[in-house]
Amino acid sequence: MNIRELLSEKVRTAMSAAGTPSDCQPMVAAAKKAGFGDYQANGAMGAAKKMGTNPRELAGKIVTELQLDDIAEKVEIAGPGFINIHLAPQWLAQQTGSAERDTALAIRPAETPQTIVVDYSSPNLAKEMHVGHLRSSIIGDALVRILERLGHTVVRQNHVGDWGTQFGMLIAELEEQLAQNESATMALSDLEVFYQQAKAHFDADPAFADKARDYVVKLQSGDEQVLKLWRQFKQVSLEHSAEIYQKLNVSLTEADVRGESFYNNDLAPIVAELQEQGLCSEDQGAQVVFLQELADKEGNPSPVIVQKKGGGFLYATTDLAALRYRAVDLNADRILYFIDARQSLHMQQVFTLARKAGFVSEQVSLEHHAFGTMMGSDGKPFKTRSGGTVKLSALLDEAVERARAVITDKNPELADADEVARKVGIGAVKYADLSKTRTNDYVFNWDTMLSFEGNTAPYLQYAYTRVQSIFRKAGVSPESISADIIIGAEQEKALAIKLLQFGEVLAQVADDALPHVLCNYLYDVASLYMRFYEACPILKSDVDPATRDSRLRLCHLVARTLATGLDMLGIEVSEQM
Ligand code: ARG
């Protein structure tokens, strides 16, 4: 079900019957204000301008041709030529009825399923995952879930940083710690501490520093002894990330890891190809591409170093190789990157150069979906009290602990309180992030995110449990109800329309990669549900059985919409809270 598309079709047909040029759009959207109908078609104005006629008159002609059958109960012309469409309660009742019975909630799969590669999370394995990776992991994962739900083939790519000069120092340190009878798991139990030990060792001991440098060379030339240490390091670090993904309910697994090292053998050929095409030139011993396309205001081209003096390759070189692999080997139609906005120039350079070099065809859509920074209450990037980076794992544990306190306070008798606290705490952190406009910075605030009021995870999770408790009280299962849905009260109508917009919203989120649009939608559903609940009694003794059953079915559709929507954001619900 997609009301917007359905109405667009109908209005488009009426427009051509009314003689508008074929490139005129019907411009149908859900009405922004009460009094504008439920949906508005605003295409008459543009068309009239093209035709040189009076827009209101043209709108009148379109309305005469408009065949909405039983979909609308009233159509009116307003203002300079808006067409306000009031949907018919009976039609809404039928549509919500079939959505409620449909396992797919009447969400239509995408018309042309695509292969979509999504690069997200992608931490550097040398260090512990920190809050910077929270946004990439959960925003990317929400998109992955939504795209899959719409029938696309999604290929997750965890482009972990598992290569580069710092690994020489790290594996030299690992070797020494292993020699002191440490196991790799023990030595690397805290990657942050380990990194500092290695760095201190490197700075204080010239012999160790030499060894570290030698290990970089050995690593690059494929020395089996050094590779073995590197693999051990990588394995333990990946296990740390896997633990976080599990805590976060992020769907990445080890099979999705295609780290930087995966592209090692492609890097020299990439540079050779750029040279052959005359795209890069030597500059102070390095191989550099100068992109005029991304020139600054003074006209200076944007330099991209693809090979350092001495032969080493760079982040950009690996990303070029990865991009080509995704376009050619994985056959992607779209490639999505969820990376911090601070890497925007880097991504622009990689995209521009890849197109220029013909590594990716024009048909493939390359999209960097950048996000802002998570800020502390002081308005500066989120840090620990001592100024260090906040470990993601500690932050998530704190979230669950805080949620536990809130829940115990609200409902001391709750069974399963630990499990509920886990879902609420993790859900709160994720939702607080996902519900903010992706491109903006946002302030991390425990109290707001754990509040049961406002646009928060606990509010939505609680709305879900309210519906579940109605069914418990009623003593019936939703599936056993056979009555039709009746849309009578204004609150029922508003709720029904909102519920039927789920597919529309998902299609938009899939295109724009903006999960906050889904959050706002779910919040609207929950708020309209609360209004409905207050205005429309369900289990009171004076409610006739047909009305009661109809309302129970609406409640059920609300619960399923909330649970499904939250699941697409990677957030779990509980039966009781
Ligand atoms: N490892 C990088 C970092 O932590 C992010 C990698 C993002 N993906 C990419 N293809 N460049 O900043």
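A nitrogen atom of the ligand is placed 2.7 Å from an N or O atom in the side chain of Asp-119, in a model that is predicted. Taken alone, the ligand exposes 350 Å², and the protein buries 88% of that area. The points below look at the surroundings of the ligand, and then at three stretches of the chain that carry UniProt annotations from an unreviewed entry.

**Contacts of the ligand**

- Tyr-315 has a polar side-chain atom that lies 2.8 Å from a nitrogen atom of the ligand.
- Asp-319 contributes an N or O atom of its side chain, and a nitrogen atom of the ligand is 2.8 Å from that atom.

**The site around the ligand**

- The ligand sits in the second largest pocket, where the residues that surround it include Ser-122, Asn-124, His-133 and His-159, as well as Tyr-337, Ile-339 and Gln-343.
- Sorted by class, the shell around the ligand consists of five polar, three nonpolar and two charged residues, with Asp-119, Tyr-315 and Asp-319 among the residues of this surrounding group.

**Annotated stretches of the chain**

- The UniProt record, an unreviewed entry, lists residues 1-87 as "domain: Arginyl tRNA synthetase N-terminal", and in the model this span is 40% helix and 22% strand, with its end C-alpha atoms 14 Å apart.
- Residues 123-133 carry the UniProt annotation "short sequence motif: 'HIGH' region", again from an unreviewed entry; over these residues the chain is 18% helix and 0% strand, and the C-alpha atoms at the two ends are 6 Å apart.
- For residues 460-577, UniProt gives the feature "domain: DALR anticodon binding" in an unreviewed entry, while the model shows 69% helix and 0% strand over this span, whose end C-alpha atoms are 11 Å apart.

Notes:
Residues are numbered from 1 along each chain as its sequence is written. This is a predicted model: local features need pLDDT of at least 70, side-chain atom pairs count only at pLDDT 80 or more; totals for chains, interfaces and linings use all residues. Side-chain values use heavy atoms; hydrogens and water are left out. A residue is near a molecule or strand if one of its heavy atoms lies within 4 Å of it. A polar contact is a pair of N or O atoms within 3.5 Å; within protein, one must be able to donate a hydrogen and the other to accept it, and residues adjacent in sequence count only if both atoms are side-chain atoms. Accessible areas come from the Shrake-Rupley method with a 1.4 Å probe; for residues, only the protein chains shown count as cover. On a 1 Å grid over the protein atoms alone, a cavity is a set of points where a 1.4 Å probe fits but cannot get out, and a pocket is an open set with protein on both sides within 12 Å along at least five of seven lines; lining residues have an atom within 4 Å of a point. A molecule sits in a cavity or pocket if more than half of its atoms lie within 2 Å of its grid points. Ala, Val, Leu, Ile, Met, Phe, Trp, Tyr, Cys and Pro count as nonpolar, Asp, Glu, Lys and Arg as charged, and the others, Gly among them, as polar. UniProt positions are given in the numbering used here, feature names are shortened, and annotations may be inferred rather than shown by experiment. Helices (H or I, at least four residues) and strands (E, at least two) are DSSP runs, numbered from the N terminus.
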